[in-house]
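I opened the model to record strand pairing, surface charge and backbone angles. My entries follow.

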Amino acid sequence: MTLPPIDQVGFVVEDIHTAIERYTPLFGEFTLWDPTEITDADFRGNTADCRLHIAIAQSGGVEIELIQWLDGDSPHAEAAKAGRFGMHHLRYRVDDAEAAIQEAAAAGYSSIWYKHWDASIKFAYLERQGDPLLIEFLQMPESG
């Protein structure tokens, strides 16, 4: 695979407020979002909704994302239900999500969570057998 630089490291956390307190000394100040609803995503071949509580910090050129699963179905729900808190995924910004998914398939990855927001914004989480670390592809124009 030919991947761009990692632009985000995502952590699934049990409690967003505790995690912010724990990780602020490592990554700097976090911005806490209102709970985020993701609707009509493809999750393991089914249409699924979920609600996540997210906090974001910036460490150099890398975004740090803390995610507390609240309800619904998503990769974060699987991790939380299994008690797998901690580093969860690496995100890469790509120009073409579908092409990146195809390229990753050749390296043993399969898409497990996909959302096509509109013509310019798409994301996909991919897993590889035997590897607990997921990868995320985000197709979205850079802002500003």
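I first fixed the exposure terms: buried means under 20% relative accessible area, exposed over 50%, and partly exposed in between (1.4 Å probe, protein chains only). The model is predicted, so I noted that local features need pLDDT of at least 70 and side-chain atom pairs count only at pLDDT 80 or more, while totals for chains, interfaces and linings use all residues. Residues are numbered from 1 along each chain as its sequence is written, and side-chain values use heavy atoms, with hydrogens and water left out.

Entry on strand β1. I looked up strand β1 (residues 6-12); strands are DSSP runs of E, at least two residues, numbered from the N terminus. Because six of its seven residues are buried, β1 is largely enclosed by the rest of the structure.

I then checked its partners; two strands pair if DSSP finds at least two bridges between them. With strand β6 (residues 86-93), β1 pairs in the antiparallel sense over six bridges, and Val-12 stands opposite Gly-86 there. With strand β5 (residues 62-72), β1 pairs in the parallel sense over five bridges, and Phe-11 stands opposite Leu-66.

Entry on positive phi. Which place does Asp-40 occupy? I found Asp-40 in strand β3 (residues 36-43). Its phi is positive, about 55 degrees, although Asp-40 is not a glycine. Asp-40 counts as exposed because its relative accessibility is 54%.

I recorded Arg-44 next: a residue other than glycine, with a positive phi near 50 degrees. Arg-44 lies in the loop between β3 and β4 (46-59). At a relative accessible area of 38%, Arg-44 is partly exposed.

Definitions and conventions: Helices (H or I, at least four residues) and strands (E, at least two) are DSSP runs, numbered from the N terminus.
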